Amino acid sequence: MLDHVGSYAGDPILSLMEKFAADETVGKANLGIGLYYDDNGRIPILCSVGEAAQALRNNPQPHTYLPMEGLSRLRECIQDLVFGKDTDAVREGRVATIQTIGGSGALHVAARFIRAYFPDSAVWISDPTWDNHRPLLESAGLNVGVYPYYDAKTQGVDIEGMIATLNGLPEKSIVLLQPSCHNPTGCDLTPDQWDRVVDIMEQRRLIPFMDMAYQGFGDGLNEDASPIRKLIARSMTVFVSNSFSKNFSLYGERVGGLSVVCANADVAGRVLGQLKSIVRTIYSSPPLHGARIIATVLEDPTMHQMWEAEIEQMRVRIKSMRKILREVMEANIPSMDASYLTTQRGMFSYTGLTPEETFWLKDEKAIYMVQSGRICVAGLSEQNAPRVAEALAEVMARRQQVAALTGC
C-alpha cells in the first residue's frame, strides 16, 4: 500500500551532523548546525537553568496538560522580554501571546493564521534566509516571495535593493524580518536602516513578521529587540516569533513563543482565541517542563541576573572567535580585508565560499559547514579557531591564484 512513497533526501544540516559524528579525524570542527558550544566544545548547561531545575525538583508538581495557549507565567515573561516591561501595548492588553513548540512551532502556527485571515497575502523572506523558513510557510499553503538582502560584493546588507522591493509590495503583504543576528549571513540592519524599513512598512501598510531566535547574542537583550519596539511604537500590527533554544541552551525542550500585536484588547482576545484553535488542531498543548524552567529563571531576580550574565559571556565568546578568525586570515593573506567577520553579529557568518570549496574543507581538513558557506561561529574554540582560519585562508589564497591565472 505504501510502495508509492518516495524517499526523503534528508535535511542537509542534520545530515552533515551525522557525517561529522562518524568522522574520526583529530581536530575536526563542526561549524554546520546552529548550536552554541563552550570553549571546551561542549553544549553548556547554564547555571541559571540548573538552579531553576533544582528548585522545581525540590517542589514537585503534577505533570498536567498545559492550556492550548501555554503556561501563563511564561507568556507574561515572553511579553516582558520581547516588548519590554510596562510597554503600552502589553499594559493595554493589545498583545496576544501563546507558548509554542520552539520557534519553528511559532512560525507554523503564524503561517496557518495568516493563511486563514490574509488568504490573498504573500509572505516575503530575505534572500538568503534560514533554510526552513520557506518550507514552514509553504507547508501552510502560503505563497512566498523574496526581497534582496545580502550583498556579496560588500559582504553586508543590500539595503537599497531591499527598500526598493518593499516599496513595491501590495498592501497587507507579510514581510518576514530578523531583528538581530541574521541567519544565515550574520548581517544586520543598522538603527538608521531599520528606521527606513519601519517607515516603509508603515507607509505601505505592510505587516511585519519578526522572527527572533537569538535574542541577546547580538548587542544585548533589549538592544536586539529594539527593531520590534520601533514597530509597536507606531501602533502597527506585528507578528513576533521567538525562541529560547539558543539563549537558554535548552534545545531539546522546544520552548518558543508567538505574539501578535493588535489594535486593541478586544481584537487581541479574538486573535488569541483563533491561535488556540489552530494549536488544538496540531498538537493540542505545548510541553511543560522547559516552560517551567524558563519562567522560574525569568521571574526570580537572582536567577534572572545570573542568566543575563551568562548571555553576556556567550555573546563575548562569539565575538572573540570572530576576532581570531579575522586576525589569522588577514595575517595569512596580508592583502585581505576580513573586517566583515567582526562586523557581522550572532552565531552565524557568511564566508562567501562556494559549495565546492566547502566540500574540499570537509574532505581535506575535516571542517564541516553547509554548502552555502555559512559557518556557525559558536562552534569554534580557542583551540580550533586558528586552524579553521588558516584553512579558510588557504581556500581564499587558492581562489586568488586561480583568478590571477585565468584573469577572472
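**Exercise 1. In which helix does D80 lie?**

Solution. First, the ground rules. This is a predicted model, where local features need pLDDT of at least 70, side-chain atom pairs count only at pLDDT 80 or more, and totals for chains, interfaces and linings use all residues. Residues are numbered from 1 along each chain as its sequence is written, and side-chain values use heavy atoms, with hydrogens and water left out.

Step 1. D80 lies in helix α3. Helices here are DSSP runs of H or I with at least four residues, strands are E runs of at least two, and both are numbered from the N terminus.

Step 2. Helix α3 covers residues 72-83, 12 residues in total. From first C-alpha to last, α3 reaches 16 Å, close to the expected 16 Å. The expected span is 1.5 Å times one less than the number of residues.

Step 3. Now take accessibility. Buried means under 20% relative accessible area, exposed means over 50%, and partly exposed is in between (1.4 Å probe, protein chains only). D80 has 27% relative accessibility, so D80 counts as partly exposed. Buried residues in α3 include L74, C77, I78, L81 and F83.

Step 4. Look past the helix end. Just after α3, G84 takes a positive phi of about 95°.

Step 5. Place D80 against D266. The two are 186 residues apart along the chain, and their C-alpha atoms are separated by 20 Å.

**Exercise 2. Find the aromatic pairs, then say which parts of the chain the pair Y36 and F217 ties together.**

Solution. Step 1. Apply the criterion. Rings of Phe, Tyr and Trp (its six-membered ring) pair if their centres lie within 6.5 Å; planes under 30 degrees apart are stacked, over 60 edge-to-face, and the rest tilted. The whole structure yields nine aromatic pairs.

Step 2. Y36 and F217 are one tilted pair, with 6.2 Å centre to centre and 55° between the planes.

Step 3. Locate the partners. Y36 sits in the loop between β1 (29-30) and α2 (47-58), and F217 in the loop between β8 (207-212) and α9 (221-224), so the pair ties together parts 181 residues apart in sequence. Both Y36 and F217 are buried.

Step 4. Check for a cluster. F113, Y117, F209 and F239 form one.

Step 5. Look for charges over rings. The test asks for NZ of Lys or CZ of Arg within 6 Å of the ring centre and within 35 degrees of the ring normal. K28 lies over the face of F20, at 4.4 Å from the ring centre. R398 does likewise over W360, at 4.5 Å.

**Exercise 3. Describe the empty space: which residues line the largest cavity, and which elements line the two largest pockets?**

Solution. Step 1. Set the terms. On a 1 Å grid over the protein atoms alone, a cavity is a set of points where a 1.4 Å probe fits but cannot get out; a pocket is an open set with protein on both sides within 12 Å along at least five of seven lines; lining residues have an atom within 4 Å of a point. Points are joined across faces, edges and corners, and a volume is the space filled by probe spheres set on them.

Step 2. One cavity of 30 Å³ or more is found. The largest cavity has about 50 Å³. S126, Y147, Y149, M162, L177, Q178, H182, L189 and W194 line it. Six of the lining residues are nonpolar, three polar and none charged. Ala, Val, Leu, Ile, Met, Phe, Trp, Tyr, Cys and Pro count as nonpolar, Asp, Glu, Lys and Arg as charged, and the others, Gly among them, as polar.

Step 3. The largest pocket has a volume of about 650 Å³. Of its 29 lining residues, I33, G34, S104, W130 and K246 are closest to the centre. Two or more residues each come from α1 (12-22), α5 (102-117), β8 and β9 (238-243).

Step 4. The second largest pocket has about 450 Å³. Its lining has 22 residues, with F118, K172, I207, T237 and V261 nearest the centre. Here α5, α8 (191-203), β10 (255-261) and α11 (265-282) give two or more residues. The largest share, four residues, comes from α11.
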